[in-house]
Amino acid sequence: MAVVVATRMKVARWRDMPRFLRGSMAAGRQARRSPGLLGGRLRAEPSGVYWTLTVWSSARDMQAFRDGGVHAILVPRLAGWASEAVFGVWTTESSELPTWSEASRRIAEHPNFAPLDHPSAAHRDAQVIPARRMGLDLALRPSRNVAALR
């Protein structure tokens, strides 16, 4: 059974954008090299909202990524960078990536709101804002070296 993780985050201040983007790129490289990543997508919306969507072969693999490396260093910093941050985790029989609308729906069903230093009204009111139709969408594929180990 595969594990899917979807996240939505809005960067609060433009001055935090460079650090956030550098950290996101590093976390993306970490994910690509992590055992168990089946695939993923990254999405940037014009309003400063960023999404991630990953599928993992097991909860253990997903947790090893989440709790280690660059990702583990970045997560505490997001509390100061974000005005909105919510994620959802679910299991599925398929290793295929869901659509962004499906990810939005799944997050809304069982949202996990991150504690933030300066949350927006939407975050304080536990509003899950769906993915927009427009945005830059990039694939996140496992590196060949990791894929060869499977």
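User: Where is the place of Ala 126, and what makes that stretch a loop between two named elements?

Analyst: Ala 126 is in the loop between α5 and β6. Those names come from DSSP runs, where a helix is H or I over at least four residues and a strand is E over at least two, numbered from the N terminus. Bear in mind that this is a predicted model: local features need pLDDT of at least 70, side-chain atom pairs count only at pLDDT 80 or more, and totals for chains, interfaces and linings use all residues. Residues are numbered from 1 along each chain as its sequence is written, and side-chain values use heavy atoms, with hydrogens and water left out.

User: Why is Ala 126 called partly exposed?

Analyst: The scale is relative accessible area with a 1.4 Å probe and protein chains only: under 20% is buried, over 50% is exposed, and partly exposed is in between. Ala 126 has 45%, so it gets the middle label. Its backbone is worth a look too: phi is positive, about 55°, although Ala 126 is not a glycine.

User: And why does Trp 56 count as buried?

Analyst: Its relative accessible area is 1%, so the buried label applies. Trp 56 lies in strand β3. Leaving aside neighbours within four places in sequence, Trp 56 is in contact (heavy atoms within 4.5 Å) with residues including Val 5, Leu 38, Met 62 and Phe 65. The C-alpha atom of Trp 56 is also separated by 9.4 Å from that of Thr 91, 35 residues apart along the chain.

User: What makes β3 as a whole largely enclosed?

Analyst: Seven of its eight residues are buried, so the rest of the structure largely encloses β3.

User: How do you know which strands pair with β3?

Analyst: Two strands pair if DSSP finds at least two bridges between them. β1 and β3 have eight bridges, in the antiparallel sense, and β2 and β3 likewise pair antiparallel over eight. Individual partners include Thr 7 with Thr 52 and Gly 39 with Val 55. In the hairpin of β2 and β3, with three residues between the strands, Gly 48 takes a positive phi near 85°.

User: What makes the sheet open, and which strands are its edges?

Analyst: Six strands run in the order β5-β4-β1-β3-β2-β6, with antiparallel pairing. β5 (112-113) and β6 (136-140) each have a single partner strand, so one side of each has no neighbour in the sheet. Helix α4 (residues 100-109) packs on this sheet, touching β1, β2, β3, β4 and β6, and its direction makes about 90° with that of β3. That angle is between N-to-C directions, from 0 to 180 degrees, with axes fitted to C-alpha atoms, for helices over the stretch in contact. Further along, ten bridges join β1 to β4, with Val 5 opposite Val 89.

User: Why is one space called a cavity and another a pocket?

Analyst: On a 1 Å grid over the protein atoms alone, a cavity is a set of points where a 1.4 Å probe fits but cannot get out, whereas a pocket is an open set with protein on both sides within 12 Å along at least five of seven lines; lining residues have an atom within 4 Å of a point. Points are joined across faces, edges and corners, and volume is the space filled by probe spheres set on them. The whole structure has one cavity of 30 Å³ or more. The largest cavity has a volume of about 40 Å³, and its lining includes Arg 8, Phe 113 and His 123. The largest pocket holds about 1200 Å³. Among its 44 lining residues, Thr 7, Ala 27, Thr 52, His 71 and Leu 78 are the closest to its centre.

User: How do you know which class the pocket lining residues belong to?

Analyst: Ala, Val, Leu, Ile, Met, Phe, Trp, Tyr, Cys and Pro count as nonpolar, Asp, Glu, Lys and Arg as charged, and the others, Gly among them, as polar. On that count the largest pocket has 32 nonpolar, seven polar and five charged lining residues. The largest share, ten residues, comes from α1.

User: What about Ala 27: buried or exposed?

Analyst: Ala 27 has 11% relative accessibility, so it counts as buried. Ala 27 lies in helix α1 and is in contact with Phe 65, Val 70 and Leu 74, leaving aside neighbours within four places in sequence.
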